[in-house]
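Q: Please take a close look at the pockets of this model. Which residues and elements line them?

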Amino acid sequence: MFAKLEDAHDAEMQNLRKQYASPSESECIIRRAIDQQLDTAPLRLLNTVTGFLCDREAQISAFKMSAEHNELWLSWSMKRADLQMEHITKAVAAYFRCVMLSHRWEGKEPLLQNIQGNFVYELNSISGIVKLRKFCEIARDLGYRWAWSDTCCIDKSSNVELQQSLNSMFVWYQHSALTIVYLSDVLPSSRSGALGMSEWNRRGWTFQEFLASKVLIFYQKDWTPYLNDSSPNHKKSTAIMEELEVATGIDRQALVDFSPGMSSVRERLQWASNRVTTVQEDIAYSLFGVFDVRLPVDYGEKKANALGRLLQEIVARSGDITALNWVGQSSEFNSCLPADITSYAAPPYAPPSLSEDEIQAKVSSLRYNIVAVDLASKVYDLLKSMSAPRFANRRLHLPCISFRITEVRQRHGPDPETRLTYGVKADGLQDLLITTGKPLIQFSRARPIRQTFFLVRPWDRRLLEELDFADDADSVGEFSEPGFRSDGSDEFVGGPSVEEEHHSRAMRMMVYLGQPFCAFLLAQERVGEYRRIASDHNIIAQVKDMASIDNIDVSSIEIL
């Protein structure tokens, strides 16, 4: 038919031809919609209708043989006015809707080689097949044609496929139609609280699976909905989300509507700090999607290296140094990074908050001190010129404010057998105590040693943006728009000058620098190279007075 229309020469037949699309045109449009849909879908899926595992080409072939495809093809061929690209996209998306499984691996699970080429619903002798079969049945009964499980839908013998799968898994869950969570340790008719106590809440991979999923249903051991909640999305259940908020420490807004990326880095690391994985490197790999990073997967590199690469990428891309705020053991990857994710379990130190009135009072006390104003401006300009933190060959180049340690003396602590307490003096800082599980070298001005030690305050450039914002907000209240008086008169009045704004921000920064802060203890290895000495507790330091700030050392140092 299309060939005859193509060859026709009379006007009537040519007009008729314009009402139709050629088969190649129709197929091209539909294929474009398929590729767009499958771009965020797993490479292999279980067909819940046929019971067979399908790769990408098998999925597309199944669609081409379906009634949905025929309807689209014919409708597009006739160029129906009501059938636009948006309609095709929706039809393709509906056909390829996928259900993901989130669960805890238990013993032997059915792998790709056990499932490939076999009818899932008739396999009985394979360990773990009952869970997989029941998952497929529920997905099918809910009206979904495709299902995915991490046990059998990844060819783990293919390094390329494994790399792509682990780096794409967050996106797959994020774009799935539904995630089914199977809680094998939550018994039927359990009361509220059982979900929070489930081992599922402690696994590494389930952390990102839950955060990524937009629609999710929890099932108990007997595959009945948790708390008999038959609603289509448990993320909309107030009771269930409140239970998870208490159990995980993740605020409800993030549980319901999580966005991957580099915001709130330290908080997200704390959320993940109690998670465990069977394979040690997975504690880092399972967080790739949470922070929206793509990195090589290298099983065998060990946990510290995998976590180090992830944290290095986070700091390098975001400039967020809160990832350096931890207690515990240093990593072999870099001494400024932790060896284990558990080092983020304790919340980061937060200095005493100051109200805006308190800040303004401190600023006012400094404003009429010419020496203080000049000093503040000098330090402000110096810190503003500092570069962002960066990694190069596992070496961290960290902008910071350094205070040289002049004395370390051991004190009698409450538990001297396991924890050692030292009194520390440093130029420009108030005397402080450091508690650690490892002995420190004791010295003083009278008994110096060759090695040099420092307490440093890492410098976060984002603080300047916060100071500028706070100062601008404050200026709105203090000044009218240039050219107008706040009382409505016609007398011209100008706003704050550039110099006044600069001094105001500098004064606010001085107030901030006078607050207690979490310090890092560094030992100089060679000229220009340092190593962080880890501590079991936060090291809280504070400058002595305004004069102490005049002698601070601001620079970017290289930490091994």
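A: Here is the largest pocket, followed by the second largest. This is a predicted model, where local features need pLDDT of at least 70, side-chain atom pairs count only at pLDDT 80 or more, and totals for chains, interfaces and linings use all residues. Residues are numbered from 1 along each chain as its sequence is written, and side-chain values use heavy atoms, without hydrogens and water.

The largest pocket has a volume of about 950 Å³. A pocket here is an open set of points on a 1 Å grid over the protein atoms alone, where a 1.4 Å probe fits, with protein on both sides within 12 Å along at least five of seven lines. Volume is the space filled by probe spheres set on the points, which are joined across faces, edges and corners.

Its lining counts 28 residues, each with an atom within 4 Å of a point. Nearest the centre lie Tyr 349, Pro 351, Arg 457, Leu 463 and Tyr 512. Strand E11 (453-458), helix H19 (462-478), helix H20 (498-513) and strand E12 (517-526) each give two or more residues. Helices (H or I, at least four residues) and strands (E, at least two) are DSSP runs, numbered from the N terminus. H19 supplies the largest share, 5 residues. By class, the lining has 19 nonpolar, 4 polar and 5 charged residues. Nonpolar means Ala, Val, Leu, Ile, Met, Phe, Trp, Tyr, Cys and Pro; charged means Asp, Glu, Lys and Arg; the others, Gly among them, are polar.

The second largest pocket has a volume of about 510 Å³. Its lining holds 20 residues, with Trp 105, Asp 150, Trp 205, Val 279 and Asp 282 nearest the centre. Helix H9 (159-174) and helix H11 (204-212) give two or more residues each. H11 gives the most, 4 residues. This lining has 9 nonpolar, 5 polar and 6 charged residues.
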